[in-house]
Amino acid sequence: MTKIPSTAKAVIIGGGIVGCSTAYHLAKLGLTDTVLLERKKLTSGTTFHAAGLVGQLRANANITQLLGYSVDLYNRIEEETGLGTGWKMNGGLRLACSEERWIEVKRQATTGHSFGLEMELLTPKEAQELWPLMDVSDVIGAAFLPTDGQANPSDITQALARGARMAGAKIFEDTKVTDIEIDDGRIRAVITEHGRIECEKVICCAGQWTRDFAKRFGVNVPLVSLEHQYMVTEPIDGVLPNLPTLRDPDRLTYYKEEVGGLVMGGYEPNPVPWAVDGIPQGFHHTLLDSNFDHFEQLMELALGRVPALENAGIKTLTNGPESFTPDGNFIIGEAPELDNFFIGAGFNAFGIAAGGGAGMALAEWVHKGEPPFDLWAADIRRFGRPHFDTDWVRKRTVEAYGKHYTIAWPHGEHDSGRPLRKSPLYDTLAAQGACFGEKLGWERPNWFADASGGEVPKDEYSFDRQNWFEAVGREHSAAREAAVLFDQTSFAKFALKGPDAAAAMNWICANDVDRPTGTLVYTQMLNDRGGIECDLTVGRVARNEFYIVTGTGFATRDFGWISGNLPDGANCQLHDITSSRAVLSLMGPRARAILEKVTRDDVSNEGFGFGTIRTIAIAGCPVRALRVTYVGELGWELHLPVEYAQTVYSALMEAGAGHGLINAGYRAIESLRLEKGYLAWGADIGPDHTPLEAGLGWAVKLNRNIDFKGRTAAEAQRANGVKKLLACFTVDPAIVLLGRETIYRDGERVGWLSSGGYGYTVGKSIGYGYVRNPEGVDANYVNAGTYELEVATQRVPCEVTLLPLYDPKAERVKA
């Protein structure tokens, strides 16, 4: 065996497709001092038994872009390396066998158009002409994506490995990593059975072994192993080499051509977990025993679609364990627990489709310290406290696997592993008709059912207005006309303390937060490109202390961003205090009248102005009150020790009884914020969007002589103008907007909706999205166009505005 080097810039652990793709792309970026270590042979983990379908369309634009990059890479890698890959762009078909599924497929087609993919809708007969073996008697329609395809997983991985070597990377097989040397929180070296490699960065692409390996170093990677089966047939008459891949979600199955026969697999609703007590020692290049009894449910469904299978010879029934995640998306990025330790794992049986793009993204992340574009949907920082428990992860992952081919309903929720994290008011609100949703393990009221009106607090899914539409309308109206109380205990809450806290925060924050004690500031935190990494509220509660509030789902990410960007040597400490405080948000024009009945403190506009934070007393409780709003009405967020939650809640509800105060949930918040033009991080804003593009330039301290992270990029953009601008679109209220609908300006595609919903006060469906133009965009350009939205492949006229649809002005919000 060739002697391993003693030093390297980066070490990749794992020689599957993702590891080899990462090595290839790092070497192409000039990091030839890259070493890949595989404990056995390349592809011997799970890559060798992957089915090899390559589809591109996902619900997220950037994940779709990443998969599209895989296709571009697979189109050229064979010529570059001289190794065959089995890649062919034979297109992909997706069937619909119910009206609801057909609506989903049409919405997926529109999503494809939004993201630049040509996705054609076909009649059953047209679909059968592309796939003659199938029975289409139950098919309503189909979609065809001509740039989808298939590959031989082992061959394409070997081609990437050769490309990596050609570019200068070194690959060592039969080299097991036994440890990582870490000193004072910094990676120093990788220890192998053949020696030590001093290095700065480690990229763990170890597939289903990643969770246990990373756990040794304090890194949490929420994935588990499940059995996944597919069969390979003998040659079948009529199966031609150019046969498209086929996905038949109503029958839970997929197909591809292989040597004149078919590969058929699927996603059963009751998957079988594997290695519950740990992966067997030495397991590699090994398949599990075929489970014909378990596969029978898929076979019966497949026979109804492809009758020729009944008489086809079966070569193999492959049963290979693969890693799956709780939300069905892969895991990528730098671990929040350990600097310079990167993860690329948990690919949910679409690792071949994602491998090319994931390797590119990981390489960029390692090389430049950030991904090439926003990958929040797959970012390891999307996980949090619930995901440390493997049993919980497995329970949720089994549910996600079983839903792989079920209809992806709007506003859909998972059921497993619930309830987990509960507000102190959970039981009280449940008794009052709360229908809960879940985010990062937290139970949160989405809406409240009126039992006297026969409503049941349970979502009934559809692509039309769902059963909660009227209930949310009541809550919305109460917020606009009287008052509502939201339980927002799940907010992530941090405290930054220390002599350098003010200077550190003012460096990280785009807005000026170095203001007098008692000031509350809405701000973004920017990357060096000016993109929005965090969107949060910062209150100065003491000379050397700040109280930071951000969204539930961003707890891990935002904590990591703040702690990771504190200036070197800054004397301040960041603490996560989320679990210590409950939050009740009192909102609406009657909010002050209600608050005045429960506190002796001055809550008049003169005594407690907008954008301030103070401690007041309510029912014997010291309450940190924040004068702020995300719904466009007068209101306060009331932050209090959790043990007082029930007492304060009861006092507020009693005081509000004569003012029309009612409970309200997160679906009302969504409707209210859309009307007011407030934005949601992860949808309307994120690392690929700047404050100037999003209409948030007023929250950036460019007119003050204060340096901050991202200032140079923001100044350049202010000088040169923007190439996209966020706008609000409205359509007929009968049209349901969900996000990802295509925006057309004067007949040309210019973007897609980042979020969508309904405004009960304005009586319109509302969407937000960026109008793009490579030559530049300003308000005049936006307002000069005539617009349409494509909704489920149908274009509908719409109105555009850059102003809030609803604005109660100072007399209500700031009075």
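The following exchange concerns the predicted model shown above.

Colleague: On what basis are the residues numbered, and which pLDDT is needed for side-chain atom pairs?

Modeller: Residues are numbered from 1 along each chain as its sequence is written, and side-chain values use heavy atoms, with hydrogens and water left out. As this is a predicted model, totals for chains, interfaces and linings use all residues, local features need pLDDT of at least 70, and side-chain atom pairs count only at pLDDT 80 or more.

Colleague: Which element gives the most residues to the largest nonpolar core?

Modeller: A nonpolar core is a set of buried Ala, Val, Leu, Ile, Met, Phe, Trp, Tyr and Cys residues joined through side-chain atoms within 4.5 Å; buried means under 20% relative accessible area, exposed over 50%, and partly exposed in between, with a 1.4 Å probe and protein chains only. The largest such core has 51 residues, and Leu26, Leu66, Ile203, Phe330 and Ile332 have the most contacts inside it. Helices (H or I, at least four residues) and strands (E, at least two) are DSSP runs numbered from the N terminus. At least two core residues come from each of β1 (10-13), α1 (17-28), α2 (61-81), α5 (153-166) and α8, and the greatest contribution, 10 residues, is that of α8.

Colleague: How many residues has the other core, which lies apart from this one?

Modeller: Leu53, Val139, Val232 and Met264 are among the members of this other core. The number of its residues is 40.

Colleague: In which order do the strands of the open sheet with β9 and β11 stand?

Modeller: Two strands pair if DSSP finds at least two bridges between them; here β9 (177-183) and β11 (195-198) each pair on one side only and are the edge strands. Between β9 and β10 (residues 186-192) there are 6 antiparallel bridges, and Ile182 stands opposite Ile187 in β10. The pairing in this sheet of 3 strands is antiparallel, and the order is β9-β10-β11.

Colleague: Is Arg745 buried or exposed, and which side chain does its own side chain contact at 3.5 Å?

Modeller: Arg745, in strand β35 (residues 742-745), is buried because its relative accessible area is 12%. A polar contact is a pair of N or O atoms within 3.5 Å; within protein, one must be able to donate a hydrogen and the other to accept it, and residues adjacent in sequence count only if both atoms are side-chain atoms. The side chain of Arg745 reaches the backbone oxygen of Tyr781 at 2.9 Å. Its polar contact at 3.5 Å is with the side chain of Tyr787.

Colleague: Why is strand β22 largely enclosed by the rest of the structure, and which residue in its hairpin with β21 takes a positive phi?

Modeller: Strand β22 (residues 442-448) is largely enclosed because 7 of its 7 residues are buried. It is joined to strand β21 (residues 434-439) by 6 antiparallel bridges, with Gly437 opposite Arg444 in β22. The hairpin has 2 residues between the strands, and the positive phi, near 50°, belongs to Leu440.

Colleague: Is Leu252, with its positive phi, buried or exposed?

Modeller: Leu252 is a residue other than glycine with phi near 65°, and it lies in the loop between β14 (245-248) and β15 (253-258). Because its relative accessibility is 15%, Leu252 counts as buried.

Colleague: Which peptide bond is cis, with omega near -10°?

Modeller: The proline concerned, Pro419, is found in the loop between α9 (390-402) and α10 (426-431). The cis bond runs from Arg418 to Pro419.
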